[in-house]
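User: I am new to this structure and would like a close look at how its helices pack against each other. Please start with one helix pair, then take me through whatever else helps to build the picture.

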Amino acid sequence: MRRLILILAVTTAVTGLSATPQGPSLTAVPPERAAAREWFRDAKFGMFVHWGVYSLLGQGEWVMQNQKLPSSSYEWLATTFNPVKFDAASWVATAKAAGARYITITSRHHDGFSMFQTKATKYNIVDWTAFKRDPMKELADECRRQGLKLFFYYSQLDWHHPDFYPRGGTGAASGRPDSGDWNKYLDFMDDQLTELLTRYGPLGGIWFDGMWDKPNANWRLDRTYALIHRLQPSALIVPNHHKAPLPGEDVQTFEQDLPGANTAGFNTREISTLPLETSLTMNNSWGFNITDQKFKSTKDLIGVLVRAAGNGANLLLNVGPRPDGTLQPEAVTRLQDIGAWLQRFGVSIYETRKGPVPPQPWGATTRKDNTVYVHVLDTAATSVTVAANLGPIARATMLSTNERVETRETGAGVTITLPKTATADVDRIVLLRLGADVR
Ligand code: H79
């Protein structure tokens, strides 16, 4: 079955027909989930949050592994996690003002510390710390209040749990005994996922990560995926395993790369017909890193958002809040600026699908119904050619000013001459209304 679908996908690519939004999926899905996938395709922009005990050390979320910290040291560190300034309402408001339609947050990262109340282990924020609050619950309530969807990032890899055994490629320095019951670990995960899917209201879905640590293990995915889909039929499964999607999965997510580009070195180049997502750090770190000042510019971040949309993908843009619960000011200003841009030009991003041509060195194209948005990101370009047969063009205007734009059909496609008056620091957007009726 899967091979057949792959052949279909390849045939589709070769014939140049783009998959329709309702196009073939890996497996037939019930209507709730099909609708959730379409919601996801429309959403286009989410805020990723990496936040946990590791934030205290300001060296990113891999500090336990990178500094070879034994579980005993990390367990002590975890007792000190007390983010008194955490305010779910302000985080969600910041995401919303940025134009994000969803938040994906680390409910548990590879360090194995649960950032939510759980009966499955005492190693959780409510039972282990003086903070005693459940920030995942506060965020879930606040997301519902402010109209954003919430996805829980959930690590399948665990550097702390004794039953994560046999060990994979990481987690060797934690000082755990060389024994453990793998199936007990999988039961533990299913118990936690049950809690996440029954105690936090309707979720956008679960974002899995870490399976790549033990690529040949039996992860009992069928059972876990069935559990998730039974508990919340509209929750999406977003696996960050860097491979082509498996049955039961709903979104293909690409870490630090646009779909099909593999600059990170571990992403697949195989693009499925599932909804797509690109996850991206705002600087070079996921978890709070106090020495990482290499923040991308707002212009570059909007450029990635536009190119992601031009690929039909969402951008999941990460922030690494500080251990006191506050967002870094560098992140807040960028989110505000992206939000201001989306306020003006969101019509060319939200609810669109990829345009008639894939992203080009000069920019990208998006499409909604009979409108094509040509995003010229290259500020030096004076004209661009959209190499596609678009048929007659009823109207061509600058989205920002409604100014008329000259287009010319050539053998190569449609050449657009950008008006000299049209300037923009980030993106000059030309709106092409397709069709014969000139108005
Ligand atoms: O949560 C963030 C990171 O902590 C986590 N995913 C994002 C969203 C992440 N962990 N590792 N990576 C990202 C980088 C991936 C490294 C890998 Fe490999 C390269 C995985 C597979 C190939 C190195 C070699 C690690 C395992 C084998």
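Analyst: Start with H10 and H11. The model is a predicted one. In it, H10 passes H11 in a right-handed crossing. H10 covers residues 298-310, and H11 covers residues 329-345. Their axes come within 10 Å and cross at roughly 50°. Angles under 35 degrees count as roughly parallel, and 65 to 115 as roughly perpendicular. The angle here falls in neither range, so H10 and H11 are oblique to each other.

Now look at the residues that meet. H10 brings Thr 298, Leu 301, Ile 302, Leu 305 and Val 306. H11 answers with Arg 334, Asp 337, Ile 338, Trp 341 and Leu 342. Sorted by class, this contact has seven nonpolar, one polar and two charged residues.

Next comes the pair H5 and H7. H5 runs over residues 88-98, and its axis comes within 9 Å of the axis of H7. The two axes cross at roughly 45°. That angle makes H5 oblique to H7. The crossing of H5 and H7 is right-handed. On the H5 side, the contact uses Ala 88, Ala 89, Trp 91, Val 92, Ala 93 and Lys 96. On the H7 side, look for Glu 138, Leu 139, Glu 142, Cys 143 and Gln 146. The residues divide into seven nonpolar, one polar and three charged.

Just before H7 there is a backbone detail. Lys 132 sits in the loop between helix H6 (125-128) and helix H7 (135-146). Its phi is near 65°, a positive value in a residue other than glycine. Most residues other than glycine have a negative phi.

The third pair is H8 and H9. H8 spans residues 182-198, and H9 spans residues 221-231. The axes come within 10 Å and cross at roughly 15°. An angle under 35 degrees counts as roughly parallel, so H8 and H9 get that description. Their crossing is right-handed. From H8, the contact takes Asp 187, Asp 190, Leu 193, Thr 194, Leu 197 and Thr 198. From H9, it takes Arg 223, Thr 224, Leu 227, Ile 228 and Leu 231. By class, that gives five nonpolar, three polar and three charged residues.

The approach to H8 also deserves a look. Pro 166 lies in the loop between strand S3 (149-155) and H8. The peptide bond from Tyr 165 to Pro 166 is cis, with omega near 0°. Most peptide bonds are trans.

Finally, turn from the helix pairs to the ligand. It is surrounded by 13 residues. The closest are His 50, Glu 61, His 109, Asp 209 and Glu 255. The shell holds six nonpolar, four polar and three charged residues. Three side chains show polar contacts to ligand oxygen. For Glu 61, a side-chain N or O atom is 2.5 Å from an oxygen atom of the ligand. For His 50, the corresponding distance is 2.6 Å. For Tyr 153, a polar side-chain atom lies 3.3 Å from a ligand oxygen.

To retrace the helices in the viewer, take the pairs in turn. H10 and H11 are oblique. H5 is oblique to H7. H8 and H9 are roughly parallel.

Conventions:
Residues are numbered from 1 along each chain as its sequence is written. This is a predicted model: local features need pLDDT of at least 70, side-chain atom pairs count only at pLDDT 80 or more; totals for chains, interfaces and linings use all residues. Side-chain values use heavy atoms; hydrogens and water are left out. A residue is near a molecule or strand if one of its heavy atoms lies within 4 Å of it. A polar contact is a pair of N or O atoms within 3.5 Å; within protein, one must be able to donate a hydrogen and the other to accept it, and residues adjacent in sequence count only if both atoms are side-chain atoms. Ala, Val, Leu, Ile, Met, Phe, Trp, Tyr, Cys and Pro count as nonpolar, Asp, Glu, Lys and Arg as charged, and the others, Gly among them, as polar. Axes are lines fitted to C-alpha atoms, for helices over the stretch in contact, and angles run from 0 to 180 degrees between N-to-C directions. Helices (H or I, at least four residues) and strands (E, at least two) are DSSP runs, numbered from the N terminus. Angles under 35 degrees count as roughly parallel, over 145 as roughly antiparallel, 65 to 115 as roughly perpendicular and the rest as oblique. A crossing is left-handed if the near helix is turned anticlockwise from the far one by less than a right angle, and right-handed if clockwise. Contact means heavy atoms within 4.5 Å.
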